[in-house]
Amino acid sequence: MKCNVRLFAASITLAAGLLWHSVSAPHAFAQQNEASSVSGFCQEELGGELFFRTELFFGLSKSDGSQVSEAEFQGFVDTVVTPLFPDGLTLLTGQGQFKDSTGTIIEEGSKLLILLYPFSRESSAKVNQVREAYKDSFQQQSVLRTDEQSCLSF
């Protein structure tokens with residue numbers, strides 16, 4: 001009886017492993033093929049190359065009630081962002097809002113920084129360096145980061 005129980009348990013384990021492999025392997029293969037086909041389409045059909053697009057959302061209200069001025073923000077871009085991303089950037093001015101921890105809607109001026117770059121761990125670390133420098137410089141709790149792939153052609 002012990003042998004049959006072990007054999008049954010081994011059969012269940014093997015079946016579960018095969019099922020997991022058959023479910024997960026095609027998904028991983030599909031992701032790899034999808035990335036490859038996107039890259040191929042970008043290069044062959046559009047004459048472009050895949051870059052990462054990172055958007056950083058900066059609030060302009062400081063915790064002491066003051067605001068980050070245009071001159072202060074431009075100084076931050078000149079001394080922190082541009083040295084880390086000298087190839088270019090886009091900066092937009094807007095009005096943002098968020099819900100704080102008490103559920104209150106907070107409205108404030110904001111800046112949206114758009115960076116396009118070939119992805120690497122080093123460039124991702126530079127993006128985080130920008131975020132940390134802004135939080136430290138302007139009394140911010142966070143800087144929102146979004147990332148996606150983009151096909152660029154010039």
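1. The largest nonpolar core of this predicted model has 20 residues. Those with the most contacts inside this core are Leu56, Phe58, Phe73, Phe76, Phe85, Val130 and Tyr134. Two or more residues each are given to the core by strand 1, helix 2, strand 3 and helix 3. Helix 2 provides the largest share, namely 6 residues.

2. Phe58 merits individual attention. Leaving aside residues up to four places away in sequence, Phe58 touches Phe73, Phe76, Val130 and Tyr134, which are also listed among the core residues with the most contacts. The further partners of Phe58 are Gly109, Ser110, Lys111, Leu113 and Val143.

3. The sheet is open and is formed by 4 strands in the order 2-3-1-4, with antiparallel pairing. Strand 2 (90–99) and strand 4 (144–152) are the edge strands, each pairing on one side only. From one strand to the next, the twist averages 30 degrees.

4. Strand 2 and strand 3 (residues 105–117) run antiparallel and are joined by 10 bridges. Within this pair, Gln97 stands opposite Glu107 of strand 3.

5. Two helices should be considered together with the sheet. Helix 2 (residues 70–84) lies across strand 1 (49–59), strand 2 and strand 3, and runs at about 30 degrees to strand 3. Helix 3 (residues 121–138) packs on the sheet and touches strand 1, strand 3 and strand 4. The direction of helix 3 makes about 10 degrees with that of strand 1.

Key. Residues numbered from 1 in each chain as written. Predicted model: local features only at pLDDT ≥ 70, side-chain atom pairs only at ≥ 80, totals over all residues. Heavy atoms only, no water. Pairing = 2+ DSSP bridges. Axes fitted to C-alpha atoms, helices over the stretch in contact; angles between N-to-C directions. Contact = heavy atoms within 4.5 Å. Core = buried A, V, L, I, M, F, W, Y, C linked by side-chain atoms within 4.5 Å. Buried < 20%, exposed > 50% of the residue type's maximum accessible area, 1.4 Å probe, protein only.
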